[in-house]
Amino acid sequence: MDIRYSANQRDFKHYTTEELRNEFLILNLYQPAKVVSVYSHVDRMVTLGCMPVDETVPLEKDMDVWHCFGTEFFLERREIGIFNIGNAGKITVDGTVYSMNNKDCLYITRGAKEVLFSSDDASAPAKGGLKMLTKNIASEFGAQNIQCNGIGPGYIATPQTAPLREPQPDGSKHPFDQFICSRTPTNRWGTTEDLVGPAIFLASDASNFVNGQILYVDGGILGYIGRQP
């Protein structure tokens, strides 16, 4: 679990770009079949990201709950709000199944012992967690001239996704590669360079009146999925 400590507001003014990124930027929040967790000493808040693919993923996967929180299970003393920014999936809470489409939200009260995540289609996984956090921070701290926005990357060509882009033995595209390219209007995977401009925009004065937003950099795939049979 990544642990972030509170930053002194006087020291913050002298941070370099690299120091700002290390303190506040959460990277790689969505990884296939994993739960990524970032604990902040600000309000003792935990940001979680989960992207189930071809297996059901428990909320506490690879998490030492007792060591991290001193409780028997994650929601023993916490509640959680989940926002699905991916495709259709399901969340099972203590045996009750909730279907989650894109942009659906689910609030789970304190005391729930078992929370499971799954995607309806492994080639179009569900993702949940970051968007509601962004909006909540923007709402709470906007009066102090603090903005909180996020970047919602689409499918990016990285070493992590390389196996999904490798040609098959017969020379054809990997099925997942075919799926992504056929549903992205730009007909390609994104690159890390595609994220630079949006990040500069959100970090500059040009975005001073932008708050609580997720800027999707996905080649248009979110607008396209669901329109084709």
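Strand 3 makes a good starting point: five of its six residues are buried, leaving the strand mostly covered. The model described here is a predicted one. Strand 3 runs antiparallel to strand 2, and six bridges join the two. Within this pairing, serine 37 stands opposite leucine 48 of strand 3.

Leucine 48 also leads into the interior of the protein. The largest nonpolar core has 23 residues, and those that touch the most other members are Leu48, Leu59, Phe74, Leu75, Ile91 and Ile108. Several elements each supply at least two residues of this core: strand 2 (35–40), strand 3 (45–50), helix 3 (65–69), strand 5 (80–83), strand 6 (89–93), strand 8 (105–108) and strand 9. The largest share, three residues, comes from strand 3. A second core, separate from this one, has seven residues, with Tyr155, Phe179, Ile180 and Cys181 among them.

With the core in view, the overall picture can be filled in. The protein has seven helices and eleven strands. Its radius of gyration is 19 Å, close to the 17 Å that the globule rule gives for 229 residues, so the protein is as compact as a globular protein of that length. Along the principal axes, its C-alpha atoms fill a box of roughly 60 × 45 × 30 Å. Of the 229 residues, 36% are buried. Among contacts with a separation of 6 or more, 59% are accounted for by residues 24 or more positions apart.

Some of the strands come together in an open sheet. This sheet has four strands in the order 4-9-6-7, and their pairing is antiparallel. Strand 4 (57–58) and strand 7 (96–100) each have a single partner strand and stand at the edges, so one side of each is left without a neighbour in the sheet. For strand 4, an antiparallel pairing with strand 9 (residues 115–119) is made over two bridges. One residue pair can be picked out here: valine 57 has phenylalanine 117 of strand 9 as its bridge partner. Strand 9 thus appears in two settings, as a member of the open sheet and as a contributor to the largest nonpolar core.

Aromatic side chains give another way to read the fold. The count of aromatic pairs comes to five. In one of them, the rings of phenylalanine 69 and phenylalanine 74 have centres 5.3 Å apart and planes at 80°, so the pair is edge-to-face, the class for angles over 60 degrees. Both phenylalanine 69 and phenylalanine 74 are buried. These two residues form one aromatic cluster with Tyr39. Phe74 has already been met in the largest core, as one of the residues that touch the most other members.

Another pair is made by phenylalanine 176 and tryptophan 189. Their ring centres lie 6.1 Å apart and their planes stand at 55°, so this pair is tilted. The pair links distant parts of the chain, 13 residues apart: phenylalanine 176 belongs to helix 5 (residues 175–183), while tryptophan 189 lies in the loop between helix 5 and helix 6 (196–203). Phenylalanine 176 and tryptophan 189 are both buried. Tryptophan 189 has a charged companion too, since the charged end of arginine 165 sits over its ring, 5.6 Å from the centre.

The loops hold a few residues worth a visit. Most residues other than glycine have a negative phi. Aspartate 62, however, has a positive phi, near 60°. Aspartate 62 is found in the loop between strand 4 and helix 3, and with a relative accessibility of 73% it counts as exposed. Asparagine 187 likewise has a positive phi, near 60°. The loop between helix 5 and helix 6 is the place of asparagine 187, and tryptophan 189 lies in the loop between these helices as well.

A last stop is proline 169, in the loop between strand 10 (150–153) and helix 5. Proline 169 has a relative accessible area of 88% and is exposed. From C-alpha to C-alpha, proline 169 is 42 Å from glutamate 18, and the two residues are 151 residues apart in sequence.

Note on methods: Residues are numbered from 1 along each chain as its sequence is written. This is a predicted model: local features need pLDDT of at least 70, side-chain atom pairs count only at pLDDT 80 or more; totals for chains, interfaces and linings use all residues. Side-chain values use heavy atoms; hydrogens and water are left out. Two strands pair if DSSP finds at least two bridges between them. Rings of Phe, Tyr and Trp (its six-membered ring) pair if their centres lie within 6.5 Å; planes under 30 degrees apart count as stacked, over 60 as edge-to-face and the rest as tilted. Buried means under 20% relative accessible area, exposed over 50%, partly exposed in between (1.4 Å probe, protein chains only). A charge sits over a ring if NZ of Lys or CZ of Arg is within 6 Å of the ring centre and within 35 degrees of the ring normal. A nonpolar core is a set of buried Ala, Val, Leu, Ile, Met, Phe, Trp, Tyr and Cys residues joined through side-chain atoms within 4.5 Å. The radius of gyration is taken over C-alpha atoms; the globule rule is 2.2 Å times the number of residues to the power 0.38. Contact means heavy atoms within 4.5 Å.
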